[in-house]
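Got your viewer open and your mouse ready? Let's take a walk through this structure, one selection at a time.

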Amino acid sequence: MFYGLMKRSSSTLDRWLISKKKGDQATDGSPLESVPKGNESDEVTEQSMVEALGRLDGRDIRWQQKEASNLSLSYTMLLRKREADFVFASLENSIQYYSGELAQIMVHGKWCPIPRKQVAYGDPGLSYHFSGIAIPAKPWTPLLKGLCDAVSCIASTKFNFVLINRYKDGSDRVGEHKDDEIDLDPAAPIASVSLGQPRDFVFRHQDARGRHKAGSSLHEPVTLMLEHGSLLLMNPPTNLFWYHSLPPRKRAVQPRINLTFRKLVTKPSQ
Ligand SMILES: O=C(O)CCC(=O)C(=O)O
């Protein structure tokens, strides 16, 4: 089945949608199509999943590309439904999210609880600094390392860190921000794997915000629906010019997990 790229206008946003047949899980285009080896009825296990990820060949990927002024996005379905279901359930059973100080961010000089849960995994000693906090990486689990290696191979980038966000439902969200922290290699993409509830992901150009609103007509917002099992690459220099957010959505009632694989350039602390 072909998942075509469709562009159409909505009231305020130019929506970039991935079309699919009703009732279909948008997974036929997944490069994991033929794995794990064996019958479709074979149970997916962590080992078979990690092995399947290890066999992924980035050349099989059918990307859908969105380009605008200093924006470059590549989108594909990475996992079929059953593998995406497996990874989602496995993360739900195993991930312990941060609490306390690591579950707060500094907004306009005040500490606020984040409207979602977050945690990070990565290479030893790495921490990611943003919004006034330093998020330390927990040691890789086999599944997260398998995903990181697969996504690294696909994106031709050696990622060393993943930030995991969990949204319990459509009231959880991420406000507009750029991923342009000094810890990040500016030449590397950020690879975003989404699982669970599909959610809108909105990009707005920096010249189309606040007092720069005059630029709105030049830079239309871009909205993507991030599907269960999808992979989005935010390629450079997108994060230098475009803000992104995951806005609240009343109709989204199921939980969602998002993993953003990143290449940190800071040296591990001693
Ligand atoms: O949940 C998402 O899809 C994106 C999260 C995000 O904006 C980020 O990690 O920078």
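**Stop 1: Y128.** Start by selecting Y128, which is buried, with 22 other C-beta atoms within 10 Å. Keep in mind as you look around that this is a predicted model. Y128 sits in strand 8, which covers residues 127-130. Which residues does Y128 touch, if you skip those up to four places away in sequence? Light up A120, I135, F161, L163, D183 and L264, and you have them.

**Stop 2: F130.** Slide along to F130, which is also placed in strand 8. Is F130 buried or partly exposed? With 17 C-beta neighbours inside 10 Å, F130 counts as partly exposed; the cut-off for buried is 20 or more.

**Stop 3: a UniProt site.** Now select Y128, H129, F130 and D180 together: UniProt, in an unreviewed entry, gives these the feature "binding site". They span 53 residues in sequence, yet no two of their C-alpha atoms are more than 11.5 Å apart, so they gather at one spot.

**Stop 4: A120 and the core.** Go back to A120, one of the residues that Y128 touches. Leaving out neighbours within four places in sequence, A120 has contacts with Y128, I135, P136, A137, K138, F161, V162, L163 and I164. A120 also belongs to the largest nonpolar core, a set of 52 residues. Which residues have the most contacts inside that core? They are A120, V151, V162 and A191, so color those four if you like. Helix 3 gives the most to this core, with seven residues. As background, nonpolar side chains in soluble globular proteins tend to be buried together.

**Stop 5: the sheet.** Switch to a cartoon view and look for the open sheet. It is built from eight strands in the order 3-4-16-13-18-11-7-10, and the pairing is mixed. Why is one side of strand 3 and of strand 10 left without a neighbour in the sheet? Strand 3 (64-68) and strand 10 (138-139) stand at the edges and each has a single partner strand, so there is no neighbour in the sheet on one side of each.

**Stop 6: the strand 3 end.** Zoom in on strand 3 and strand 4, which pair in the antiparallel sense over five bridges. Together they form a hairpin with two residues between them. Click on N70 in the turn, where phi is positive, about 60°. A68 stands opposite L71 in strand 4.

Next, follow strand 4 (residues 71-77) over to strand 16 (residues 230-234): these run antiparallel and are joined by five bridges. Pick L73 and you'll find its bridge partner, M234, in strand 16. Pick T76 and you'll see it opposite L231, again in strand 16.

**Stop 7: the helices on the sheet.** Select helix 2 (residues 81-94), which packs on the sheet and touches strand 13 (190-196) and strand 18 (256-262). The direction of helix 2 makes about 90° with that of strand 13. Then select helix 3 (residues 142-155), which packs on the sheet too, touching strand 7 (117-122), strand 11 (161-167), strand 13, strand 16 and strand 18. Its direction makes about 130° with that of strand 13.

**Stop 8: strand 18.** UniProt also lists "binding site" (unreviewed entry) at N165, Y167, H177, H244, R256, T260 and R262. Let's visit two of them.

T260 lies in strand 18. T260 is buried, with 20 other C-beta atoms within 10 Å. Apart from neighbours within four places in sequence, T260 is in contact with V162, L163, I190 and S192.

R262 lies in strand 18 as well, and with 26 C-beta neighbours inside 10 Å it counts as buried. What is R262 in contact with, leaving aside neighbours within four places in sequence? Select F159, F161, L163, L184 and I190 to see. To finish, draw a distance between the C-alpha atoms of R262 and L184: they are 7.1 Å apart in space, although 78 residues apart in sequence.

Key
Residues are numbered from 1 along each chain as its sequence is written. This is a predicted model: local features need pLDDT of at least 70, side-chain atom pairs count only at pLDDT 80 or more; totals for chains, interfaces and linings use all residues. Two strands pair if DSSP finds at least two bridges between them. Helices (H or I, at least four residues) and strands (E, at least two) are DSSP runs, numbered from the N terminus. Two residues are in contact if their C-beta atoms, placed from the backbone, lie within 7 Å. Axes are lines fitted to C-alpha atoms, for helices over the stretch in contact, and angles run from 0 to 180 degrees between N-to-C directions. UniProt positions are given in the numbering used here, feature names are shortened, and annotations may be inferred rather than shown by experiment. A residue is buried if 20 or more other C-beta atoms lie within 10 Å of its own, exposed if 12 or fewer, and partly exposed in between; C-beta atoms are placed from the backbone. A nonpolar core is a set of buried Ala, Val, Leu, Ile, Met, Phe, Trp, Tyr and Cys residues joined through C-beta atoms within 7 Å.
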